[in-house]
Structures are given as structure tokens and as C-alpha cells.
Amino acid sequence: QVQLVESGGGLVQAGGSLRLSCAASGSIFRRNAMGWYRQAPGNQRELVADITSGGSINYADSVKGRFTISRDNAKNTVYLQMNSLKPEDTAVYYCNAKVSIYSTIYEYWGQGTQVTVSS
């Protein structure tokens with residue numbers, strides 16, 4: 001069983017920065033694809049950024065140039081550095097892990113952390 005614990009959310013003014021962290025346990029972290037998703041009220045959950053075990057990175061168009069995803073395999077942690085935050089970035093941010101076991105991909109979610117950007 002994989003457990004994901006997010007931290008780092010909060011309230012920030014537009015133009016500010018936050019760094020989210022997600023600590024993972026219960027699997028071989030370096031083999032996991034990790035990602036950050038977000039869900040605003042009334043909206044579907046959407047991908048923000050993800051990073052494969054090999055380090056390939058993908059960003060949503062809305063955050064390119066402002067957000068940076070990274071991972072520290074020694075600490076079993078994935079980060080999301082968010083700069084130049086906008087009110088439309090306000091959402092609950094969720095950490096996601098995709099664990100491949102014998103050709104089956106298992107997906108796990110953290111509990112979410114609230115990010116609120118005031119104008």
C-alpha cells in the first residue's frame with residue numbers, strides 16, 4: 001500500500017510563490033511516476049505536472065514557465081515549485097503516484113492540500 005502525504009499549501013497573494021511537497025512510502029519510489037493534479041470547486045480534477053521514473057516531465061499549458069516539478073529519490077519526495085501564482089491557480093492540489101507491478105499500473109492519491117491565491 002502506497003501512502004502519499006502532501007504539505008506546503010496555504011494562502012498567498014497573486015504573484016507569490018509556494019512549494020508543495022509529497023512524501024511517499026510503501027513502494028520503490030524511484031520506479032514510480034509521480035504527478036500533481038488540482039481540482040477547483042465545480043471543476044474536474046486536472047493534471048498540473050508529472051514526472052516519470054526516468055525524469056521526463058510534462059506540464060499543463062496553464063502552468064508552463066511558472067511551475068516546476070522535481071523529485072528527490074533519496075528522500076522519496078516529489079515537489080511542485082509554484083511561482084507567479086494567479087487567482088486561477090486556487091484549488092486543492094493532489095499528489096499522484098503510478099506504481100507498475102507485473103505490468104499492472106496501480107494509482108494512488110494523497111489527501112490534498114489547499115492552495116488559495118488572493119488577488
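Which strand is arginine 38 found in? I looked that up to start with: arginine 38 is in strand E4 (residues 33-39). Strands here (E, at least two residues), like helices (H or I, at least four), are DSSP runs numbered from the N terminus.

Ground rules, noted early: this is a predicted model, where local features need pLDDT of at least 70, side-chain atom pairs count only at pLDDT 80 or more, and totals for chains, interfaces and linings use all residues. Residues are numbered from 1 along each chain as its sequence is written, and side-chain values use heavy atoms, with hydrogens and water left out.

**Entry: arginine 38**

I checked the accessibility of arginine 38 and got 6% relative accessibility, so it counts as buried. For the record, buried means under 20% relative accessible area, exposed means over 50%, and partly exposed is in between (1.4 Å probe, protein chains only).

Next I looked at what its side chain does. It makes a polar contact with the side chain of aspartate 89 at 2.9 Å, and another with the side chain of serine 62 at 3.3 Å. A polar contact is a pair of N or O atoms within 3.5 Å; within protein, one must be able to donate a hydrogen and the other to accept it, and residues adjacent in sequence count only if both atoms are side-chain atoms.

Not counting residues up to four places away in sequence, arginine 38 touches a set including Arg45, Glu46, Phe67, Glu88 and Ala91. Contact means heavy atoms within 4.5 Å.

**Entry: alanine 91**

I followed that contact to alanine 91, which sits in strand E9. Alanine 91 is buried, with a relative accessible area of 2%. Its C-alpha is 6.1 Å from that of glutamine 114, and the two are 23 residues apart in sequence. Leaving aside neighbours within four places in sequence, its contacts are Arg38, Gln39, Ala40, Thr113, Gln114 and Val115.

**Entry: the disulfide**

How many disulfides are there? I count 1 disulfide, taking a disulfide as a pair of cysteine sulfur atoms within 2.5 Å. The partners are cysteine 22 and cysteine 95, with sulfur atoms 2.1 Å apart. Cysteine 22 lies in strand E3 (residues 18-25) and cysteine 95 in strand E9 (residues 91-101), so the pair ties together parts 73 residues apart in sequence. I also looked at the S-S torsion of cysteine 22 and cysteine 95: about -85°, so the disulfide is left-handed. Both cysteine 22 and cysteine 95 are buried.

**Entry: strand pairing**

From E3 I went to its partners. Strand E1 (residues 3-7) pairs with E3 in the antiparallel sense over 5 bridges, and serine 7 stands opposite serine 21 in E3. E3 also pairs antiparallel with strand E8 (residues 77-82), over 6 bridges; there leucine 18 stands opposite methionine 82 in E8. Two strands pair if DSSP finds at least two bridges between them.

E7 and E8 run antiparallel and are joined by 6 bridges, with methionine 82 in E8 as the bridge partner of phenylalanine 67. They form a hairpin with 4 residues between them, and asparagine 76 in the turn has a positive phi of about 55°.

I then checked the side chains along strand E7 (residues 67-72), and they alternate. Phe67, Ile69 and Arg71 point to one face and are buried, while Thr68, Ser70 and Asp72 point to the other and are not.

Threonine 77 is in E8 and is buried at 9% relative accessible area. Its side chain reaches the backbone oxygen of lysine 75 at 2.8 Å.

**Entry: rings**

I found 2 aromatic pairs. Rings of Phe, Tyr and Trp (its six-membered ring) pair if their centres lie within 6.5 Å; planes under 30 degrees apart count as stacked, over 60 as edge-to-face and the rest as tilted.

Tyrosine 37 and tryptophan 109 are edge-to-face, 5.0 Å centre to centre with 70° between the planes. Tryptophan 109 counts as partly exposed at 34% relative accessibility. The rings of tyrosine 94 and tryptophan 109 have centres 6.5 Å apart and planes at 85°, so that pair is edge-to-face. Ring pairs link Tyr37, Tyr94 and Trp109 into a cluster.

Last, charges over rings: arginine 45 lies over the face of tyrosine 94, 3.7 Å from the ring centre. The charged end of arginine 71 sits over the ring of phenylalanine 29, 4.7 Å from its centre. The rule is NZ of Lys or CZ of Arg within 6 Å of the ring centre and within 35 degrees of the ring normal.
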